[in-house]
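Student: Please pick one helix of this model and take a close look at it. I would like its packing and its surroundings in one connected account.

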Amino acid sequence: VCPTASITPKYEVDKVWKEIENPDKVVVAQIAPAVRVAIGELFGFKPGALLTGQIVNALKMIGFDKVFDTSFAADLTVIEEANEFIQRKQEDYKLPLFTSCCPGWVKFVEYYHPELITNLSSCKSPQQMFGSVAKEILPELLNIKKENLAVVSIMPCTAKKAEAKRPEFNHGGIKEVDYVLTTVELAAMIKEAGIKFENLTPEPLDMPMGFKSGAGVIFGNSGGVSEAVARYAYEKLTGQKLFDFEFKQLRGSDALRTAELELNGTKIRMAIVSGLKNASELIKKLKNKEAEYDIIEVMACPGGCIAGAGQPYTTESDNKCKRASALYESDKTLQLHKSQDNPYVSELYSSLLGEPNSRKAHSLLHTKYYNRRRITPENLIKLADNDSKKL
Ligand code: SF4
């Protein structure tokens, strides 16, 4: 049984077309990292072709008003999650910390391992952080009403559709993310519009939410979140600048990888696992005290989002490797590689959020999880409603 609802995806292309045709609506897109290295396979490009600019061009031709990058929100996720981790580590509280970027994994915990809910990071996924911040800052920047802003995510993943529909991400009828299109759905939309994607020239992303560091881009690979957090934790714990930014010991295609970092006397034991079967085996080991870690990154799809269920179908592991390498190459060619160096993220903290993990940051960027075995969908809506009133 798929715990992520990814086997019953809803096709949302028609709804997005309607929003674009509505003159009262401003429709913005966020593009997840893994989409840019896979969509080309549906238009005759080789696996791993990096096509961010061409996607921007296509979305603008389709009628999107602004095109941003989920990697911007991934940079935010790194800062929030790394600070949450460092605090838990220093207080020796609820370790290991499990990452929460993957809604497939989060839902798996809520259904099958509710006893681990308090070990999950309270950070929303980058998709939801993006939607939450977009609905908070864009109405003023674009001079529109909040209800006239539609946020469309372009995701590698069908589980993201279910995530966007969670009641806790709907605030009195205003959803953080209104629609989610998979990579395959976007390709269908491009073809429907008669756009020759293979002939498009690259266009730039819009600012401020189109700016990212390479740390936000590698999120698409299994191990990317851990590496991005390590780049942050290094500077925070040692007080020194990190120049050699690649943590190659955290990379690879094995379903379970482990590494130990020693940062100014703090030993950090990390595990990276992809695939829910592998995650279950790791949980068993943790419970039997056969393994101990401080932070564990879990991605439901083997290899991470590059191999998500909304990506072009491939059985070639070589294709997945090419997508993964393209994200690491993209990181290399960007000027910035650490989330804490993203100037637009810094600006967001000084103008709106205050400190990482502040009250405001919690109200916009963090969430709660529920034991789904005990809760009916109706009660879940009531609980989520009460929680959002408290913030
Ligand atoms: Fe979605 Fe798979 Fe990525 Fe999880 S690992 S967010 S299920 S694409």
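Tutor: What follows is an account of helix α3, its two helix contacts, the loop that comes after it and the two sheets.

This is a predicted model, in which local features need pLDDT of at least 70, side-chain atom pairs count only at pLDDT 80 or more, and totals for chains, interfaces and linings use all residues. Residues are numbered from 1 along each chain as its sequence is written.

Two packed helices are described by the angle between their axes and the distance between the axes. Helix α3 covers residues 70-91 and helix α9 residues 224-238 (helices are DSSP runs of H or I with at least four residues, strands are runs of E with at least two, and both are numbered from the N terminus). The axes of α3 and α9 come within 9 Å and cross at roughly 60 degrees (axes are lines fitted to C-alpha atoms, for helices over the stretch in contact, and angles run from 0 to 180 degrees between N-to-C directions). That makes α3 oblique to α9 (angles under 35 degrees count as roughly parallel, over 145 as roughly antiparallel, 65 to 115 as roughly perpendicular and the rest as oblique). The crossing is right-handed (the near helix is turned clockwise from the far one by less than a right angle; anticlockwise would be left-handed).

On the α3 side, this contact is made by Val78, Ile79, Glu81, Ala82, Phe85 and Ile86. They meet Ala228, Val229, Tyr232, Ala233, Lys236 and Leu237 of α9 (contact requires C-beta atoms, placed from the backbone, within 7 Å). The contact of α3 with α9 holds ten nonpolar, no polar and two charged residues (Ala, Val, Leu, Ile, Met, Phe, Trp, Tyr, Cys and Pro count as nonpolar, Asp, Glu, Lys and Arg as charged, and the others, Gly among them, as polar).

Helix α5 (residues 126-142) also packs on α3, at an angle of about 100 degrees and with the axes 8 Å apart. The two helices are therefore roughly perpendicular to each other. Here α3 contributes Thr70, Phe72, Ala73, Ala74, Leu76 and Thr77, which meet Pro126, Gln127, Met129, Phe130 and Val133 in α5. By class, the contact of α3 with α5 has eight nonpolar, three polar and no charged residues.

The loop between α3 and β3 contains aspartate 92 and proline 96. Aspartate 92 is not a glycine, yet its phi is positive, near 50 degrees. Leucine 95 and proline 96 are joined by a cis peptide bond, with omega about 0 degrees. Most residues other than glycine have a negative phi, and most peptide bonds are trans.

Beyond that loop, β3 belongs to an open sheet of four strands in the order β3-β10-β9-β8, with mixed pairing (strands pair if DSSP finds at least two bridges between them). β3 (97-98) and β8 (256-263) are the edge strands, each with a single partner, so one side of each has no neighbour in the sheet. β8 runs antiparallel to strand β9 (residues 266-274), joined by eight bridges.

A second open sheet has the strand order β2-β1-β4-β7, and its pairing is parallel. Its edges are β2 (66-69) and β7 (179-182), each with a single partner strand, so one side of each lacks a neighbour in the sheet. From one strand to the next, the twist averages 25 degrees.

Note on methods. Two residues are in contact if their C-beta atoms, placed from the backbone, lie within 7 Å.
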